[in-house]
Amino acid sequence: MAARCLWRRLCQGSSFPVSYASRVMQKQCFLPNMDLVGGRFSGSHVHTEEPKTNPLVSISDEPEVLYRRLSLLVKGHDRAVLDSYEYFAVLAAKELGITVEKVHKPPKKIERLTLLKSVHIYKKHRVQYEMRTHYTCLELKHLTGSTAAVYLEYVERNLPEGVAMEVKKTKIEKIPEHIQEPVWDTLPQVEEAEVKS
Amino acid sequence: MQLLFQRWRQQVAAYFSTPAASSREAQQREVSTRRRGRMSQLIRSHIPPRTERMAVDQDWSSVYPTAAAFKPASVPLPIRMGYPVKGGVPPPKEGNLELIKIPNFLHLTPPAIKKHCAALRDFCTEWPSALDGDEKCEQHFPVEIETVDYVSAGTSIRNPKARIVTLRVKLSNLNLDDHAKKKLIKLVGKRYCKDTDVLTIITDRCPLRRQNYDYGIHLLTVLYHESWKTEAWESEKTEEDMEEYIWENSSSQKNALDTLLQIKATENVSNVTKEELLASEVVRNYRNSVIALKNEGETESNMSQYKESVKKLLNIQALP
């Protein structure tokens with residue numbers, strides 16, 4: 001509840017769009033004239049009519065998680081596959097309204113090994129293998145928890161075979177309440193009291 | 001051989017009985033007739049592939065709704081792939097293993113992606129418009145938690161690196177006074193970066209990510225509250241422990257005052273007190289220049305400032 005009140009204070013004055021809920025979505029920020037049915041409300045600017053209710057969508061009470069940046073590093077053996085995947089991921093992000101900050105391609109890494117060509121002796125004759133790993137990095141900015149969950153699930157389900165992905169999420173949070181003030185001011189006079197957790 | 005003959009007879013009979021052959025049957029026939037032999041070529045020439053019945057403006061997302069292998073009879077493109085024969089062209093798409101091996105994105109054409117996103121848009125929420133810049137984000141939400149998820153194909157979907165949690169916070173956003181800040185920096189050691197004023201805590205000692213996150217928050221809380229405490233032994237802090245140079249009660253102050261007192265004694269001026277000397281402007285300038293030199297290091301401006309203040313202190317005008 002405290003988290004929601006914080007949200008309300010934060011969102012004072014800024015207009016918020018109509019909240020679409022997610023399959024288990026968090027409640028969006030509130031304007032003072034809340035208490036509408038289902039927690040849905042209309043922002044003062046764009047939408048003039050109530051959106052059609054999607055029966056699959058349900059709103060939950062938890063406050064929305066905020067991700068300042070989502071960094072997708074895709075690794076694969078084939079540059080063409082990664083390029084196609086990057087096109088797909090960028091288009092999906094644009095369609096869902098996510099800002100793509102940067103798309104860059106770190107240089108490839110080649111891992112080489114040298115083995116003996118023959119089963120027995122013939123040390124001078126070897127064979128060399130290499131494994132090439134190509135990278136593509138996609139950086140997205142400013143996502144909410146629901147949007148991130150939806151986008152990541154869509155993009156991860158369509159990951160082609162033989163391609164790996166690392167998703168780095170940077171979540172932003174407020175300072176927890178127990179760090180706002182030093183606790184020694186409020187403790188009673190007992191010195192060397194129980195250790196504060 | 002007997003079996004093959006019977007199957008061939010059955011298939012030809014089936015073809016003549018159902019004129020509209022479905023694509024799956026055609027493909028099965030193609031798969032089974034990929035074995036070498038004249039009869040297979042005869043069959044293939046009889047049954048046209050599905051591509052010849054495809055309209056130009058068809059709905060492609062119903063041909064490839066999900067990820068599927070490349071089917072040459074279902075893709076109406078004249079693709080060639082592979083190493084060309086000497087003096088020739090790459091092999092065609094029929095029976096081309098290279099095309100089947102490589103992952104294809106035929107199920108993710110732009111119209112298909114737009115359709116999927118239109119259906120998914122209902123589940124997305126908007127970023128609050130009040131937090132449009134990094135500075136605003138930091139002002140309202142100063143703590144940053146970084147976690148990494150790993151997706152790869154293998155015998156196991158778990159990755160032990162996924163439990164690592166990195167907590168970053170700027171000390172200027174925490175409620176700390178001077179002593180608390182210095183004590184926190186000493187407690188934390190290498191985890192604090194002086195240039196960016198960021199404290200980084202990386203936890204991975206617990207097996208689960210949620211436990212590591214809780215432990216990180218616990219560490220931050222403990223550091224914060226311990227740094228506000230003043231222990232009895234902290235009063236024994238010596239000059240070597242100090243993080244920055246303090247001029248009061250230092251040897252530089254003593255030397256300056258002694259020199260000035262001696263100068264005043266030789267000039268037979270009436271006794272000026274130490275407080276008067278300390279409050280005078282020349283001594284103030286000298287103090288500021290010495291502090292700047294010690295704390296910031298030697299730069300051109302610092303050295304010239306020190307030179308000017310010493311000249312004023314000792315009343316030497318002659319030297320340039």
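Which residue in S7(A) is the bridge partner of Lys75(A)? Keep this in mind while you open the model, which is a predicted one.

**Stop 1: strand S3 of chain A**

Select residues 66–76 of chain A, which form strand S3. Of these 11 residues, 9 are buried, and the strand is mostly covered. Now add residues 164–173 of chain A, strand S7; 9 bridges join S7(A) to S3(A), and the two run antiparallel. Here is the reply to the opening question: Lys75(A) has Ala164(A) as its bridge partner in S7(A).

Next, show residues 126–144 of chain A, strand S6. S6(A) is also antiparallel to S3(A), with 10 bridges joining them. To see one of the pairs, pick Arg69(A), whose bridge partner in S6(A) is Lys141(A).

**Stop 2: two positive phi angles in chain A**

Stay in strand S6 of chain A and select His142(A). His142(A) is not a glycine, yet its phi is positive, about 55°. Most residues other than glycine have a negative phi. Is His142(A) buried or exposed? Its relative accessible area is 12%, so His142(A) is buried, the cut-off for buried being under 20%.

Then move to Tyr122(A), in the loop between strand S5 (109–116) and S6 of chain A. Phi of Tyr122(A) is positive too, near 55°. Tyr122(A) has 51% relative accessibility and therefore counts as exposed, since exposed means over 50%.

**Stop 3: helix H3 of chain A**

Select residues 145–157 of chain A, helix H3. The helix has 13 residues, and at 1.5 Å a residue it should span 18 Å; the end C-alpha atoms are 18 Å apart, so the two values agree. To colour the buried residues of H3(A), include Gly145(A), Ser146(A), Thr147(A), Ala148(A), Val150(A), Tyr151(A), Leu152(A), Tyr154(A) and Val155(A).

**Stop 4: an annotated span of chain A**

Widen the selection to residues 71–168 of chain A. UniProt, in an unreviewed entry, lists this span as "domain: Small ribosomal subunit protein uS10". The span is 31% helix and 45% strand, and its end C-alpha atoms are 5 Å apart.

**Stop 5: chain B as a whole**

Switch to chain B, which has 13 helices and 4 strands. Of its 320 residues, 32% count as buried. Chain B exposes about 21200 Å², and 55% of that comes from carbon and sulfur atoms.

Now select residues 157–229 of chain B. An unreviewed UniProt entry annotates them as "domain: Small ribosomal subunit protein mS35 mitochondrial conserved". This span is 42% helix and 19% strand, with end C-alpha atoms 46 Å apart.

**Stop 6: where the chains meet**

Show both chains. How many residues does the contact take from chain B and from chain A? It takes 51 residues from chain B and 64 residues from chain A. The area buried between them is about 5500 Å², and carbon and sulfur atoms give 66% of it. Label Phe123(B), Thr125(B) and Trp127(B): they supply 13% of the area that chain B buries against chain A, more than any other three residues.

**Stop 7: Ile145(B)**

Finish in strand S1 of chain B (residues 143–151), where Ile145(B) is found. Ile145(B) counts as buried because its relative accessibility is 3%. Leaving aside neighbours within four places in sequence, its contacts in chain A are Lys169(A), Thr170(A), Lys171(A) and Glu173(A). In chain B, Ile145(B) is in contact with Val165(B), Thr166(B), Leu167(B) and Tyr213(B). Add Gly216(B), 71 residues from Ile145(B) along the chain; their C-alpha atoms are separated by 9.5 Å.

How values were computed. Residues numbered from 1 in each chain as written. Chains lettered and ligands numbered in written order. Predicted model: local features only at pLDDT ≥ 70, side-chain atom pairs only at ≥ 80, totals over all residues. Heavy atoms only, no water. Expected span 1.5 Å × (residues − 1). Buried < 20%, exposed > 50% of the residue type's maximum accessible area, 1.4 Å probe, protein only. Areas by Shrake-Rupley, 256 points an atom, 1.4 Å probe, with all protein chains shown as cover. Pairing = 2+ DSSP bridges. UniProt positions renumbered as here; feature names shortened; annotations may be inferred. Contact = heavy atoms within 4.5 Å. Buried area = accessible area lost by both parts, 1.4 Å probe.
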